[in-house]
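Hi everyone, thanks for coming. Let me put the structure up on the screen, and then I'll walk you through a few places in it.

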Amino acid sequence: MRRPLVAGNWKMNGSRVVAEQLTDEISAAVLPGCDVVLCPPVPYLSIVSSRIGAAAVSLGGQDCSEHENGAYTGETAVSMLADIGCRYVIVGHSERRQNFGETDTRVAAKVAAAHSGGLVPILCLGESLAERQAQETEMVVGRQLDAILGLPEIASILPDLVIAYEPVWAIGTGESATPEQAEQVHAWIRERIASHDSGAAERIRLLYGGSVKPDNAAALFAMPDIDGGLIGGASLAADSFIAICRVAG
Ligand code: PEP
């Protein structure tokens, strides 16, 4: 039985006051049935970290550097995220792949860095609308996944890895994948992982992301291979995010 996980990706939104309010409201909610992760922008990580305190809510970064430290202006090292209280880090979000040219190889290096620095990577995979229309979903998601499965240290990474399937056409568009569309890809991802390590495939949590809202979460999370969600827009309103967490577990 996999414990559901719901992560809120605030992206580049909010302010100090918004970060404080969201954290306080979400931390005050009783959400015993799922793991909850808040991923604020870097400048607010320490504020959120100090306010979640001992609550059953974890902190996550939205990205990390693949390098340990040094002359990488603007980047954030895994050790710094861990230092400030992060347990998770999103890696390979489609906005990073599309807007910042992150390649599969670089994403794989970030996954390895996150793992070796003690963080749980939330690895994002997903196809664009053109790729789905060209029936290339499995090819694209398979290529993105294989870059990770090819890492020399994959055996130690897999048991803790979290994967978020996020079709690019569903992110921020209000057009979620149907539960059946999402389940099809999730089951396919789990099978591909099983060909490497069947035990890890059973344990690994596969999140769905892309326009999840309180009113479509139940049908998505009811699917056998969907173990929670990576939530963008709806994580910026405490009541929506809490409602989605309650549906998850
Ligand atoms: C995301 O940013 O990862 C995401 C899924 O966004 P939204 O929920 O707004 O589609």
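By class, the shell around the ligand has 8 polar, 4 nonpolar and 2 charged residues; Ala, Val, Leu, Ile, Met, Phe, Trp, Tyr, Cys and Pro count as nonpolar, Asp, Glu, Lys and Arg as charged, and the others, Gly among them, as polar. This is a predicted model, where local features need pLDDT of at least 70 and side-chain atom pairs pLDDT 80 or more, while totals for chains, interfaces and linings use all residues. Residues are numbered from 1 along each chain as its sequence is written, and side-chain values use heavy atoms, leaving out hydrogens and water.

Which residues are closest to the ligand? Of the 14 that surround it, with a heavy atom within 4 Å, the closest are Lys11, Glu166, Gly172, Ser211 and Gly233. An N or O atom in the Glu166 side chain is 2.8 Å from a ligand oxygen, and a backbone N or O atom of Ser211 lies 2.7 Å from an oxygen atom of the ligand.

Now over to Glu102, please. You'll find Glu102 in the loop between α4 (94–99) and α5 (104–116); helices here are DSSP runs of H or I, at least four residues, numbered from the N terminus. Is Glu102 buried or exposed? Glu102 is buried, with a relative accessible area of 5%, where buried means under 20%, exposed over 50% and partly exposed in between, using a 1.4 Å probe and protein chains only. Its side chain makes a polar contact with that of Arg96, at 3.0 Å; that term means N or O atoms within 3.5 Å, one able to donate a hydrogen and the other to accept it, and residues adjacent in sequence count only if both atoms are side-chain atoms.

Key:
Helix = DSSP H or I, 4+ residues; strand = E, 2+ residues; numbered from the N terminus.
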